[in-house]
Amino acid sequence: MMKYFEKIKNYVINFTKKGLTPHEIALGLALGVLIAFVPVMGTHTILAIGLASLLRLSPLIVLVGTQVSNPLSYPFQLFLCAEVGNLILKGSFLELTFSKNIKFLLSHYLWPIVVGSVVVGILAAGIAYAVTKFFLNKRKRTA
């Protein structure tokens, strides 16, 4: 797992050698992290490329940011978003119940997931931006 993060770190650092500023790289990664919290699987790549083009950011950097959401992290991410969303909407943690009633499932889980995804996504994107920009600026000063 650490080799994976090391590869991503080196990949991001290589963008500084291609003339991108720490702000541009951090912004692209932050956008990718925000997109990673969209709770609809299969939309991340399309959103990343579309928004990167619209905002004139590097699509590759944005796609790297979306890797926060992957098959290993997605169930935990979804659960965290549901809990945060339910805490915001109802003031308590989510009661896990199983039902075959689709209306119940949608009303019980959908809105907490959507609200939680927005809140957690914004927080994670802000952290990603700050950490990335800090380390790239620090690396720039020492180089």
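**Exercise 1. Take stock of the whole chain.** What share of the 143 residues in the protein chain is buried?

*Solution.* Buried residues make up 32% of the 143 residues. Keep in mind that you are working with a predicted model. Next, go through the secondary structure: the chain has six helices and zero strands, so its pattern along the sequence reads α-α-α-α-α-α. Then fit a box along the principal axes, and the C-alpha atoms fill roughly 55 × 25 × 25 Å. Now turn to the surface, where about 9300 Å² is exposed and carbon and sulfur atoms supply 73% of that area. Finally, look at the contacts with a separation of 6 or more: 68% of them join residues 24 or more positions apart.

**Exercise 2. Describe how H2 and H3 pack.** At what angle do the axes of helix H2 and H3 cross?

*Solution.* Start with the axes. H2 covers residues 22-36, and its axis comes within 10 Å of that of H3, with a crossing of roughly 145°. The crossing of H2 past H3 is right-handed. Then list the residues that meet. H2 contributes Leu31, Ile35 and Ala36, while H3 contributes His44, Leu47, Ala48, Leu51, Ala52 and Leu55.

**Exercise 3. Compare two residues of one loop.** Is Arg56 buried or exposed, and is Leu57 buried or exposed?

*Solution.* First place them: Arg56 lies in the loop between H3 and H4, and Leu57 is in the loop between helix H3 (44-55) and helix H4 (59-65). Take Arg56 next. Its relative accessibility is 79%, so Arg56 counts as exposed. Its backbone deserves a look too, since most residues other than glycine have a negative phi. Arg56 is not a glycine, yet has a positive phi of about 60°.

Now take Leu57. Its relative accessibility is 13%; the cut-off for buried is under 20%, so Leu57 counts as buried. Its contacts beyond four places in sequence are Glu24, Leu27, Gly28, Leu31, Ala52 and Val62. Leu31 and Ala52 also appear among the residues through which H2 and H3 meet. As a last step, check a distance: Leu57 and Val68 are 11 residues apart in sequence, and their C-alpha atoms are 18 Å apart.

**Exercise 4. Find the surroundings of Ser69.** Which residues is Ser69 in contact with, leaving aside neighbours within four places in sequence?

*Solution.* Locate Ser69 in the loop between H4 and helix H5 (74-90). At 12% relative accessibility, Ser69 counts as buried. Its contacts are Ala36, His44, Tyr74 and Gln77. Ala36 belongs to H2 and His44 to H3, and both take part in the meeting of those helices.

**Exercise 5. Contrast two sites on H6.** How many residues separate Gly121 and Val38 in sequence?

*Solution.* Begin with Gly121, which lies in helix H6. Gly121 is buried, with a relative accessible area of 0%. In sequence, 83 residues separate Gly121 and Val38, while their C-alpha atoms are 7.8 Å apart in space. Beyond four places in sequence, Gly121 touches Leu34, Phe37 and Gly116.

Then move to Phe135, also found in helix H6 (residues 102-142). With a relative accessible area of 49%, Phe135 is partly exposed. That value is over the 30% needed for a patch member, so Phe135 can be included in one. Indeed, Ile127, Val131, Phe134 and Phe135 make a nonpolar surface patch of about 410 Å².

How values were computed:
Residues numbered from 1 in each chain as written. Predicted model: local features only at pLDDT ≥ 70, side-chain atom pairs only at ≥ 80, totals over all residues. Heavy atoms only, no water. Patch = residues over 30% accessible without salt bridge, like charges linked within 9 Å, V, L, I, M, F, W, Y side chains within 5 Å. Areas by Shrake-Rupley, 256 points an atom, 1.4 Å probe, with all protein chains shown as cover. Salt bridge = Lys/Arg side-chain N within 4 Å of Asp/Glu carboxyl O. Helix = DSSP H or I, 4+ residues; strand = E, 2+ residues; numbered from the N terminus. Buried < 20%, exposed > 50% of the residue type's maximum accessible area, 1.4 Å probe, protein only. Contact = heavy atoms within 4.5 Å. Axes fitted to C-alpha atoms, helices over the stretch in contact; angles between N-to-C directions. Left-handed = near helix turned anticlockwise from the far one by under 90°.
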